[in-house]
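Hi,

Here is the structure I promised to pass on. Have a look at it first, and then read my notes below.

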Amino acid sequence: MKLGINGLGRIGKLSLWHHVSRQFFSEIVVNLGRQVGSGLEDIAATIEKDSSYGRLSTYLHGHKGGRVIENLNEAAGTMTVNGVPVTVLREARNPKDIKWQENNVRIVADTTGAFKDPTADAEEGWGSVRGHLQAGAEKVMVSAPFKIKSKGIDMPEDAITTVMGINDDDYKPEQHSIISAASCTTTCLSYMIKPLMDHFGADRMLTASMVTVHAATGSQKVLDAVPGAGATDLRKNRSILNNIILTTTGAAKALSLVIPEMQGIGFIAESVRIPTATGSLIILVLNLQDELENPIKRNLINNIYKDYAESNHYLKYSAGQNVSSDIIGTPEAAAVIEST
């Protein structure tokens with residue numbers, strides 16, 4: 001079975017790292033849609049090194065390291081990464097024109113962040129996520145929350161938003177062909193809300209609010225820039241190296257797709273971006289209907305999370321005193337609960 005990855009930014013690269021380590025797929029096909037640098041050597045260098053996570057060789061083999069990218073063939077656009085054959089496509093950026101069918105790719109992870117509207121037609125403008133299906137894929141994973149541009153249009157029946165370990169049972173293989181993995185904030189928030197909801201019940205949750213103190217993303221500028229025509233959020237054009245930047249988050253809306261009970265709970269979500277490359281914090285405030293004879297205390301909350309983490313490996317419970325760099329690369333963690 002082959003995996004297709006569209007895009008090689010932070011998520012695309014780390015997905016490639018994960019799967020050459022896991023080796024569930026016999027081959028990986030990466031689409032860049034354009035010529036990169038001076039050739040395949042430069043693409044291999046991009047894959048091997050990451051400013052936040054270090055080198056691929058260290059990720060795979062620790063301090064022993066060693067060469068992990070070999071057998072580069074410029075003409076064919078192929079290499080082997082940790083023994084896994086990887087083909088790099090450098091022709092088409094529009095999903096409908098990518099040669100998934102010619103390369104026998106059935107599952108595609110779109111990590112570009114550019115194609116988030118599951119209602120958009122494959123022939124529209126620069127393309128849409130549905131173009132991957134037209135190009136031969138059977139399933140498309142979108143590494144961002146869905147965003148339907150036209151108001152009043154419902155979510156298509158073949159599209160679904162899932163967070164692993166929370167609502168992945170809602171995925172129906174015979175029905176769903178476009179799957180959103182939500183966002184980092186929604187995923188983390190799901191694992192903060194779900195254990196408490198399971199314990200207290202949704203009916204006791206009156207209101208909720210959250211703020212995410214979030215690492216920089218590709219939408220931030222390194223230096224101040226002039227906003228584009230029609231831009232309304234001028235803060236996005238300010239330097240992330242020098243500022244704490246107020247922004248918006250769609251986490252509350254996306255969370256209701258993953259945990260439907262949240263639709264009946266008043267929820268406010270805010271976000272600020274800070275000058276770190278990765279590792280983010282969520283502060284969650286819940287207004288619960290309390291029982292005077294059994295008041296909610298700190299130990300109760302910690303024990304709820306601790307017990308949940310023991311049965312669900314996507315949630316980590318920490319009794320240590322951490323800073324953001326301490327949690328970077330924590331295996332499988334959707335969220336790390338800071339109990340102190």
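To get you started: which residues of helix 1 are buried? They are Gly 12, Lys 13, Leu 16, Trp 17, His 19 and Val 20. Before you read on, keep in mind that this is a predicted model.

Let me stay with helix 1 for a moment. It covers residues 10–22, and its 13 residues should span 18 Å at 1.5 Å a residue. The C-alpha atoms at its ends are 18 Å apart, so the expected span and the model agree. As for the pattern of burial, an α-helix has 3.6 residues a turn, so residues three or four places apart point the same way. Right after the helix comes Gln 23, and its phi is positive, near 55°.

Now to the charged pairs. Side chains of opposite charge can pair when their charged atoms come close. The count of salt bridges here comes to 10, and I picked out three for you.

One of them brings us back to helix 1: Lys 13 meets Asp 50 in a salt bridge, at 3.2 Å from N to O. This pair ties together distant parts of the chain, since Lys 13 sits in helix 1 and Asp 50 in strand 3 (residues 49–50), 37 residues apart. Are the two partners buried or exposed? Both Asp 50 and Lys 13 are buried.

Another salt bridge joins the side chains of Glu 48 and Arg 55, with 3.7 Å from N to O. Glu 48 has a relative accessible area of 12%, so it counts as buried. Arg 55, at 43%, is partly exposed.

Then there is Glu 91, which forms a salt bridge with Lys 99; their closest N and O atoms are 3.3 Å apart. Glu 91 counts as exposed because its relative accessibility is 63%, while Lys 99 is partly exposed at 36%.

Not every lysine I looked at is in a pair like these. Where do Lys 147, Lys 149, Lys 236 and Lys 253 gather? They come together in a patch of positive charge on the surface. If you want a place to start looking, try Lys 149, in the loop between strand 9 (139–142) and strand 10 (159–161). With 72% relative accessibility, Lys 149 counts as exposed.

A couple of other loops have backbone angles you may want to check. Asn 104 has a phi near 60°, which is a positive value in a residue other than glycine. You will find Asn 104 in the loop between strand 7 (84–89) and strand 8 (107–110), and it is exposed, with a relative accessible area of 55%. Glu 332 also has a positive phi, near 70°, and again this is a residue other than glycine. Glu 332 lies in the loop between strand 16 (315–318) and strand 17 (335–338).

One last thing, for a sense of distances. Take Gly 266, which is in strand 14 (residues 266–274) and is partly exposed at 38% relative accessibility. How many Å separate the C-alpha atoms of Gly 266 and Ser 21? The separation is 42 Å, and the two residues are 245 residues apart along the chain.

That's it from me. Shout if anything is unclear.

Cheers

Notes:
Residues are numbered from 1 along each chain as its sequence is written. This is a predicted model: local features need pLDDT of at least 70, side-chain atom pairs count only at pLDDT 80 or more; totals for chains, interfaces and linings use all residues. Side-chain values use heavy atoms; hydrogens and water are left out. Patches are made of residues with over 30% relative accessible area and no salt bridge: like charges are joined within 9 Å, nonpolar side chains (Val, Leu, Ile, Met, Phe, Trp, Tyr) within 5 Å. Accessible areas come from the Shrake-Rupley method with a 1.4 Å probe; for residues, only the protein chains shown count as cover. A salt bridge is a side-chain nitrogen of Lys or Arg within 4 Å of a carboxyl oxygen of Asp or Glu. Lys and Arg count as positive and Asp and Glu as negative; His and the chain ends are not counted. The place of a charge is taken as NZ of Lys, CZ of Arg, CG of Asp or CD of Glu. Helices (H or I, at least four residues) and strands (E, at least two) are DSSP runs, numbered from the N terminus. Buried means under 20% relative accessible area, exposed over 50%, partly exposed in between (1.4 Å probe, protein chains only). The expected span of a helix is 1.5 Å times one less than its number of residues.
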